[in-house]
Amino acid sequence: MITGKNHIGNRTSAEGAVTFKTFNPILNGENDHIYTEASNDEVNHAVELATTAFKKFRSISGTEKAAFLNAIADEILALDDTLVQVYCSETGLPEGRARGERGRTVGQLRSFATLVEQGSWIEATIDTAIPDRKPMPRSDIRKMLVPLGPVVVFGASNFPLAYSTAGGDTAAAFAAGCPVIVKSHPMHAGTGELVSQAIIKAAERTGMPNGVFSNLNSSGIEIGQKLVMHPGVKAVGFTGSIRGGRALYDMAAQREEPIPVFAEMGSINPVVILPEALEKRGDSLAKTYAGSITLGTGQFCTNPGLLLGIKGDALTNFTQELGKEILQIEPSVMLHPNIIGAYEHNKNKALSQANINVVAKYDDEVKTNFARQVVTTVKGKTFLENPTLHHEVFGPFSLVVQCENAAQLEEIISSLEGQLTGTVISENDEAENYPNIIAALQNRVGRIIFNGVPTGVEVCPSMVHGGPYPSSTDSRFTAVGIHSIKRWVRPFSYQDWPNELLPDELKNENPLAINRTINGELSRKNI
Ligand code: NAP
């Protein structure tokens, strides 16, 4: 049941004076429930509880954490249609998408449960003592990963489940042993509250310390800023715009004790279409890409906002076909008035740039909050000279760049900001002839795709969802898949520590039977 209150540990609270409602973009009106923004005291209380909870949560066993994560997944599923209905009413997204995203969220939670239950993820590394080493004896040194402390999570509006309250960041932080305080997204506050209740029920059912999770409402940026500046917070996970992520990153760096901010942000996901592929498959590629650009009304961080080719008849034909195909697609609703407002603003800004040509622009009347798709094109030189054209237009918008030749294509790729993905469309072995272009692309992105579309992010251990700045603030980590746990831990060494005082992961007997690197060799052996 939605209460509109903040969840601070296992207690609800609504002391603040500011209230707000969520918005149904299809009905073009506010939803009924009223949410109360957290007060200063509530922010402080949530962080204090999380700090206390960390003392216990940091060292509970992998089996107990797995039970907690699986219980969250079960409780989310138990919300059933109630959750789906609230999700749809707050986003305008269809029921199928809600169920699909719920499946992904539950799958992520369970994959972290398996990871921590198996236990080897903590990278136990043991170098045993060599007392008679000359000229100096070697100490016994044992290393493992340990949690950072309370983590604040900000979700993006376009993934109310998978990148929000119990999304990848939260699941990974719990798995690592970090309490989580969610700064709830105001545009899906009801979805966020239902999921919060599921987390709290799961925490109580599995005996987790009170304060392992809190959910704070806010309708503006102040609560998030207070959380990031709070000395009790030790790391931040953010998914959203470059502007938001960068602001929080800068704030965290200016704290007396700077903390890491793992921000996953915007991206235009360049697609390089090589000449032979353009020649042979231009029409079918145009259809495929019209679908990818408009998928989910273009509201994916992996949306292909930039298509790069070498000028000529084949590229001209592809561009015109893309324009025709995209106009066949019925416009769809965007998530909320702020997103549609930002889309209109950024689209018009791009369209007002010098020497940009409109290939296709959906001009018919559409319902309020629906987005009209646009395909544009520019010459390579124009693109190189105008940084505005390099920026994300979040929505169904794409720009085709006609490069003079392969050298200019490489120069353009090298000039791009960091991206989540890069795609190469190639005919058979064609890509082999463009090693510099492939290398340049690899240098700017976190994931490179061959003959596909960038939209769609598989959740699996080998996935990298992140990339050079500004697609993320730290390209060494992924935000998707089990390895995203590494954002919330630090390496920690014990030197000459008595066996009985060591954590189980590092004891001689290896009671957890995990993989460990002992004197350079990976094994499950005892010492
Ligand atoms: P957003 O406007 O940046 O909002 C995300 C969250 O951050 C909200 O809770 C927002 O609070 C908060 N926030 C924003 N600016 C802030 C600031 N200066 N200080 C404190 N808090 C701040 O993003 P969105 O519109 O929800 O999502 C769309 C964006 O997310 C797109 O750019 C998309 O590419 C990106 N995205 C990236 C990924 C990825 O994995 N890389 C995935 C999904 C989406 P308020 O709403 O209260 O202001």
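In the predicted model, the lining of the largest cavity draws most heavily on α3, which contributes 3 residues. This cavity encloses about 50 Å³ of space. Its lining is made up of Q108, S111, F112, G168, V459, A479, V480, G481, I482 and S484. By residue class, 5 of these are nonpolar and 5 are polar, with no charged residue in the lining.

The structure contains 2 cavities of 30 Å³ or more. The second largest cavity has a volume of about 30 Å³. Residues T294, T297, I329, E330, P331, S332, A371, Q373 and P396 form its lining. This lining comprises 4 nonpolar residues, 4 polar residues and 1 charged residue.

Among the open sites, the second largest pocket was examined. The space within the second largest pocket amounts to about 570 Å³. It is lined by 28 residues, of which R58, S59, I60, M144 and E505 are the closest to the centre of the pocket. Several secondary-structure elements supply at least two lining residues each: the helices α1 (40–57), α2 (62–91) and α3 (95–118), and the strands β8 (141–147) and β21 (489–495). The largest share comes from β8, with 4 residues. In composition, the lining of the second largest pocket has 15 nonpolar, 6 polar and 7 charged residues. Helix α3 thus appears in the linings of both the second largest pocket and the largest cavity.

An unreviewed UniProt entry places the feature "domain: Aldehyde dehydrogenase" at residues 18–474. In the model, helix accounts for 43% of this span and strand for 17%. The C-alpha atoms at the two ends of residues 18–474 are 34 Å apart.

No disulfides are present, the count being 0. C301 takes part in no disulfide, and the nearest cysteine sulfur, which belongs to C460, lies 15 Å away. Seen from C460, the closest cysteine sulfur is that of C301; because the separation is 15 Å, the two are too far apart for a bond. A disulfide would require the sulfur atoms to be within 2.5 Å. The two cysteines also fall into separate accessibility classes: C301 has a relative accessible area of 15% and is therefore buried, whereas C460 has a relative accessible area of 24% and is therefore partly exposed. The dividing value between these classes is 20% relative accessible area.

Terms used
Residues numbered from 1 in each chain as written. Predicted model: local features only at pLDDT ≥ 70, side-chain atom pairs only at ≥ 80, totals over all residues. Heavy atoms only, no water. 1 Å grid on protein atoms, 1.4 Å probe; cavity = no way out; pocket = protein on both sides within 12 Å on 5 of 7 lines; lining within 4 Å. Points joined across faces, edges and corners; volume = space filled by probe spheres on them. Nonpolar A, V, L, I, M, F, W, Y, C, P; charged D, E, K, R; others polar. UniProt positions renumbered as here; feature names shortened; annotations may be inferred. Buried < 20%, exposed > 50% of the residue type's maximum accessible area, 1.4 Å probe, protein only.
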